[in-house]
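Reader: I have just opened this one and would like to go through it with you piece by piece. Could you start with a place where two helices meet?

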Amino acid sequence: MLLVMSSGELREPVFWILTSLTGGRQHGYAIIQAVSELSEGRVALAVTTLYASLERLQKDGLVQGDGDEVVSGRLRRYFVITTEGEQRLADEAARLDAKLRVLRTRLGRASTATAGGAA
Amino acid sequence: MTAQRSGSPLEARYRRLTRWYPRTWRAANEDAFVGTLLDVADAEGRAAPTRQERLDIVGHAVSARLDRIVVPHVRDAGSTIALTMGTGFALAEFLVSSWAPWIHGNPAPESLVQVGLFRDTGFVFGALWLVALAAALAGRWAVGRIALTVCILAAVVTPYWFVRFPGVWSVDRGTLALFTACALVALVGRPLRSHHTAAAAVGWFLLGVASYGSVVHLTGAWLTSRSLWDGNLWAWYAVGVIEVVAVGLAVARLWTVVFTITLGLTPYILTVVGNELRGILSDSGSAGVIAAPVALGLLLLVLHSSGKLELTDRTRRRVERIRPPRT
């Protein structure tokens, strides 16, 4: 799985996984829960999508493993975001911010023009 | 650290499904992966994997196996080339041989039975490849995968099936082999959604038409699909030029591009080699000349993907253009 789209934007699951990890180390199921909560239920990560994304994020140095723990007979592997991962997320935030600024400016102009036309 | 195996029926089913993964992946990830699957199943109150979960696991596992043969980013780029090549050649075959709108009437009434307007089954393949390209560009690659799977099945079945319909001509086996090989390479990746993909398909289409045109003037006579392999294959020369460029890129250590070219050219090379083995020779040159560099490239690609050979791309330096501040 590629982390970014051809536009350079982070893919949706990758964006939410990184965002969930900014809250601290988490294991697989906790990431799935956090992504669902943060996206207000819009993103339901499949376990395979989670592992495919984490493998790629680890390979690219944006996330790293942070130890395994056995809880109730089940292995839980923990992950943390790296400094590079935080930087990539900050870059994404700046990019989204710039897009939003342009959009809000255009929408503001359009609503002013509509109000002017109605008057 | 390993987890205790509780041996619940659900865990046993998940572990059975993980057998699709390569052994090294299972050794590193199976316990954590199954643990997460069980956590999700508990939260949803399930005692069995869902159908979607089973499909996802098999798909992810196959992808993990393919990763060890061809690295994912090269698979996607190679898939783009194969998709555009298949589409270009299928449409060239359709235009020149199956439809040939400049020919009036049945060109071989003693032996050929037309299917409506069409002289051979190329219209089926032209349509399937066009659907696959449109699906890839629209971001509906699942639809494209279905179209290409149907294309492979049709390519395998039609030469035999049409024996039952005397006079209906199938596309020749060499061209069907090309369609099959292109479809297989396209299926193992996800093509790029870009206008460059559409442009590349047009390029291959023109190359295909030029190859047909090297046999005889296109509007002068009807050309069967087999004619693509009989004349002076312009595509053969194009492949040769691309290979020379690839060698230059290898010297410059731009391995990702080299491997992409290698994988993308594989369907064409396989077809030309297959044709030569069947005694269909082109006027342009031997299949061996263009097959050897691709075979070497594939060997390096597989060794690299399996981790047995480290080939690092040269880092391209990006020159920041610093503009003076406006005053």
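Author: In this predicted model, A:Pro13, A:Val14 and A:Ile17 of helix H1 in chain A meet A:Thr49, A:Ser53 and A:Leu57 of helix H3 in chain A. By class, this contact of H1(A) with H3(A) has 4 nonpolar and 2 polar residues, and no charged ones.

Reader: How are H1(A) and H3(A) oriented to each other, roughly parallel or roughly perpendicular?

Author: H1(A), and H3(A) with its residues 47-59, pack at an angle of about 75°, their axes being 10 Å apart. Since angles from 65 to 115 degrees count as roughly perpendicular, the two helices are therefore roughly perpendicular to each other.

Reader: And how many residues of H1(A) are buried?

Author: H1(A) covers residues 12-21, and 8 of these 10 residues are buried, so the helix is largely enclosed by the rest of the structure. The buried ones are A:Pro13, A:Val14, A:Phe15, A:Trp16, A:Ile17, A:Leu18, A:Ser20 and A:Leu21.

Reader: Switching to chain B, what is its secondary structure?

Author: Chain B comes to 11 helices and 0 strands. Its C-alpha atoms fill a box of roughly 75 × 65 × 50 Å along the principal axes, and of its 327 residues 40% count as buried. If you take the contacts in chain B between residues at least 6 apart in sequence, 76% of them join residues at least 24 apart.

Reader: Which residues touch the most other members of the largest nonpolar core?

Author: That core has 66 residues, and the ones touching the most other members are B:Ala132, B:Cys151, B:Phe179 and B:Cys182. Helices H4 to H11 of chain B, that is H4 (72-99), H5 (122-137), H6 (141-161), H7 (173-187), H8 (195-213), H9 (234-251), H10 (255-277) and H11 (287-305), each supply at least two of its residues. H4(B) gives the most to this core, with 12 residues.

Reader: What does B:Cys182 touch, then?

Author: Leaving aside residues up to four places away in sequence, B:Cys182 touches B:Ala82, B:Met85, B:Gly86 and B:Pro267. Apart from the core just described lies another, of 31 residues, which includes A:Leu10, A:Leu21, A:Ile32 and B:Leu37.

Reader: That list names both chains, so how many residues of chain B are in contact with chain A?

Author: There are 22 residues of chain B in contact with 17 residues of chain A. On the chain B side, the elements that give two or more residues are helix H2 (23-43) and helix H3 (51-67), and the largest share, 10 residues, comes from H2(B). The residues on that side divide into 9 nonpolar, 9 polar and 4 charged.

Reader: Before I lean on any of this, what ipTM does the predictor give the complex, and what pLDDT do the chains average?

Author: The predictor gives the complex an ipTM of 0.86 and a pTM of 0.77. Chain A averages a pLDDT of 89, with 88% of the residues scoring at least 70, while chain B averages 88, with 92% scoring at least 70.

Reader: Where is confidence lowest among the elements of each chain?

Author: Among the elements of chain A, helix H4 (residues 83-118) has the lowest mean pLDDT, 86, and strand S1 (residues 26-27) the highest, 97. Among those of chain B, confidence is lowest in H9(B), at a mean of 90, and highest in H5(B), at 97. You should also look at residues 317-327 of chain B, where pLDDT stays under 50 and the model has 0 contacts beyond four places in sequence.

Conventions
Residues are numbered from 1 along each chain as its sequence is written. Chains are lettered from A and ligands numbered from 1 in the order in which they are written. This is a predicted model: local features need pLDDT of at least 70, side-chain atom pairs count only at pLDDT 80 or more; totals for chains, interfaces and linings use all residues. Two residues are in contact if their C-beta atoms, placed from the backbone, lie within 7 Å. Helices (H or I, at least four residues) and strands (E, at least two) are DSSP runs, numbered from the N terminus. Ala, Val, Leu, Ile, Met, Phe, Trp, Tyr, Cys and Pro count as nonpolar, Asp, Glu, Lys and Arg as charged, and the others, Gly among them, as polar. pLDDT is the predictor's confidence in each residue, from 0 to 100. A nonpolar core is a set of buried Ala, Val, Leu, Ile, Met, Phe, Trp, Tyr and Cys residues joined through C-beta atoms within 7 Å. A residue is buried if 20 or more other C-beta atoms lie within 10 Å of its own, exposed if 12 or fewer, and partly exposed in between; C-beta atoms are placed from the backbone. Axes are lines fitted to C-alpha atoms, for helices over the stretch in contact, and angles run from 0 to 180 degrees between N-to-C directions. Angles under 35 degrees count as roughly parallel, over 145 as roughly antiparallel, 65 to 115 as roughly perpendicular and the rest as oblique.
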